[in-house]
Amino acid sequence: MSIKNISAIIILATIASYGFASDDVSKLTVYYFHRPPYYVKTDGEPKGFLMVFVERVLEKAGIEAEFKEVPPKRILEELKKPQLACSPGWFKTPEREELYLFSATIYQNAPLTFVVTKSKEKTRITLDEISNLFKSSRDPGIVCGFSYGPFLDAVFSTEKATRCISTDVLNVVRMVSAGRVDFTLISPEELGYIASIYPELRESIAMVPIEGIPEGNRRYLMCSKGVTPDMMDRINRAIHELVSWLD
């Protein structure tokens, strides 16, 4: 698949702005980090299509929110505290379910794609080939602290801690382009955004479809266990009304 043919992200629009009949609720803190196109800090205000959607959800649920930009590792620590706080767009894993609350699904990614330099482009790659490549590669472009979904997390689990790189998604794509890492895995949404902002990368890297990849990972609001059942119910009812097709 050519990066030039990536479809534009469908922006969630024309969402009803009315809220549930509400009584007083405490303000919810929403932690986020800069990871376009999902969450983007622009002039001190959180943007990005998932942030816009979450704002609509909370407005519809009648919940006042305060948005704070925080590094991802700190978000994980903050949400362990019993406070009224959530963070949008996280994947659900068994380990996280023991520590946090999860909302209904707020978005489902397109399936992950495999990214290499143009010189290594191929028509497709299988999950077994990715597993073998990860084991044999001296420089895999796997980002520390990120979930790639249950299947690939299991593939990477034995060696990921010692072979991942602490960087952001944009930088790992640049490293692939420069030949500093052998490959990476990325959602088409993110790669499409990166290619639109940095056209030079579009000319040097290739997307390779992954044969047998499970459906795209679902994203959720991940919340502290200090969030009340009533507030979680308000949030989930709003999500279900706005994106009922994700049930």
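Contact here means heavy atoms within 4.5 Å of each other. With that settled, a word on the model: it is predicted, local features need pLDDT of at least 70, side-chain atom pairs count only at pLDDT 80 or more, and totals for chains, interfaces and linings use all residues. Residues are numbered from 1 along each chain as its sequence is written, and side-chain values use heavy atoms, with hydrogens and water left out.

**The sheet**

Let's start with an open sheet of 4 strands, ordered β9-β10-β7-β11 with mixed pairing. Its edge strands, β9 (140-141) and β11 (205-208), each pair on one side only. Strands (E, at least two residues) and helices (H or I, at least four) are DSSP runs numbered from the N terminus, and two strands pair if DSSP finds at least two bridges between them. Strands of a sheet pair through backbone hydrogen bonds, either parallel or antiparallel.

Strand β7 (residues 113-117) pairs with β10 (residues 183-186) in the antiparallel sense, over 3 bridges. β7 and β11 also run antiparallel, joined by 4 bridges. Here are some of the residue partners:

| β7 residue | Partner | Partner strand |
|---|---|---|
| Thr113 | Ile186 | β10 |
| Val115 | Thr184 | β10 |
| Phe114 | Val208 | β11 |

**Helices on the sheet**

Helix α4 (residues 127-136) lies across β7, β9 and β10, and runs at about 135° to β10. Helix α7 (residues 169-177) packs on the sheet too, touching β7, β9, β10 and β11, with its direction at about 145° to that of β10. For these angles, axes are lines fitted to C-alpha atoms, for helices over the stretch in contact, and the values run from 0 to 180 degrees between N-to-C directions.

**Thr117 in β7**

β7 is mostly covered, with 5 of its 5 residues buried. Buried means under 20% relative accessible area, exposed means over 50%, and partly exposed is in between (1.4 Å probe, protein chains only). Thr117 lies in this strand and counts as buried because its relative accessible area is 14%. Leaving out residues up to four places away in sequence, Thr117 touches Val176, Ser177, Ser204, Ile205 and Ala206. The side chains of Thr117 and Ser119 are joined by a polar contact of 3.0 Å. That term covers a pair of N or O atoms within 3.5 Å; within protein, one must be able to donate a hydrogen and the other to accept it, and residues adjacent in sequence count only if both atoms are side-chain atoms.

**Pro94**

Pro94 sits in helix α3 (residues 94-99), and is exposed because its relative accessibility is 58%. Pro94 and Pro150 are 56 residues apart in sequence, with 9.2 Å between them in space, C-alpha to C-alpha.
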